[in-house]
Amino acid sequence: MTNTRQTPKKSYFGMIYIDTLPMLGRMPKSAIMVYLALSIHANKQGYTKIKQATIADIIGLTRTSVNNALKFLKRERMITIIRSKSTNTYIVHRLPVTE
């Protein structure tokens with residue numbers, strides 16, 4: 001008899017500090033989703049190398065929406081983008097505390 005039990009898909013959780021929740025309410029949804037996707041894939045120092053198309057596939061947005069969200073996150077200094085010819089490196093910063 002074969003085992004028909006399937007392995008569950010991986011699920012991830014990105015850490016958000018409680019004092020930054022007010023900031024999330026003022027951000028576009030796409031920026032929140034991209035920020036969390038980057039956070040999930042980042043190493044302990046906040047660095048991640050992931051293609052925009054991969055981010056789009058993960059969170060169900062178009063690549064254009066991901067690109068616009070990345071521009072927003074960069075402008076708000078929530079990420080740093082290190083450009084390269086193939087895949088950019090993103091440095092994810094802790095969300096700024098707002099009052």
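Buried means under 20% relative accessible area, exposed over 50%, and partly exposed in between, with a 1.4 Å probe and protein chains only. This is a predicted model, where local features need pLDDT of at least 70, side-chain atom pairs count only at pLDDT 80 or more, and totals for chains, interfaces and linings use all residues. Residues are numbered from 1 along each chain as its sequence is written, and side-chain values use heavy atoms, with hydrogens and water left out.

**Exercise 1. List the elements of the protein chain in order from the N terminus.**

Step 1. Apply the rule: helices (H or I, at least four residues) and strands (E, at least two) are DSSP runs, numbered from the N terminus.
Step 2. Count them. The protein chain has four helices and three strands.
Step 3. Write the order: α-α-β-α-α-β-β.
Step 4. Add the burial: 34% of the 99 residues count as buried.

**Exercise 2. Find the buried residues of α4 and say where they lie around the axis.**

Step 1. Pick out the buried residues of α4: V66, A69, L70, F72 and L73.
Step 2. Check their directions. They cover an arc of only 160° around the axis, so they sit on the same side of α4. The arc is that of the directions from the helix axis to the C-beta atoms.
Step 3. Turn to the face away from the buried side. That face carries the exposed residues T64 and R75.
Step 4. Name the cover. It includes α2, α3 (52-59), β2 (79-82) and β3. Contact here means heavy atoms within 4.5 Å.

**Exercise 3. Compare the expected span of α4 with the distance between its end C-alpha atoms.**

Step 1. Take the rule: the expected span is 1.5 Å times one less than the number of residues.
Step 2. Apply it to the 13 residues of α4, which should span 18 Å.
Step 3. Compare. The end C-alpha atoms are 18 Å apart, which agrees.
Step 4. Look just past the helix. R77 takes a positive phi of about 60°.

**Exercise 4. Describe how α2 packs on α4.**

Step 1. Read the geometry. Helix α2 (residues 29-41) and helix α4 (residues 63-75) pack at about 85°, with axes 9 Å apart. Axes are lines fitted to C-alpha atoms, for helices over the stretch in contact, and angles run from 0 to 180 degrees between N-to-C directions.
Step 2. Classify the angle. It makes α2 roughly perpendicular to α4, a class that runs from 65 to 115 degrees; under 35 is roughly parallel, over 145 roughly antiparallel, and the rest oblique.
Step 3. List the partners. S30, A31, V34, Y35 and L38 in α2 meet V66, A69, L70, F72 and L73 in α4.
Step 4. Sort by class. The contact of α2 with α4 has nine nonpolar, one polar and no charged residues. Ala, Val, Leu, Ile, Met, Phe, Trp, Tyr, Cys and Pro count as nonpolar, Asp, Glu, Lys and Arg as charged, and the others, Gly among them, as polar.

**Exercise 5. Describe how α3 packs on α4 and which side of α3 is buried.**

Step 1. Read the geometry. α3 and α4 pack at about 105°, with axes 8 Å apart. They are therefore roughly perpendicular to each other.
Step 2. List the partners. Q52, A53, I55, A56 and I59 in α3 meet R63, V66, N67 and L70 in α4.
Step 3. Sort by class. This contact divides into six nonpolar, two polar and one charged.
Step 4. Find the buried residues of α3: Q52, I55, A56 and I59. Their arc is only 100° around the axis, so they lie on the same side of α3.
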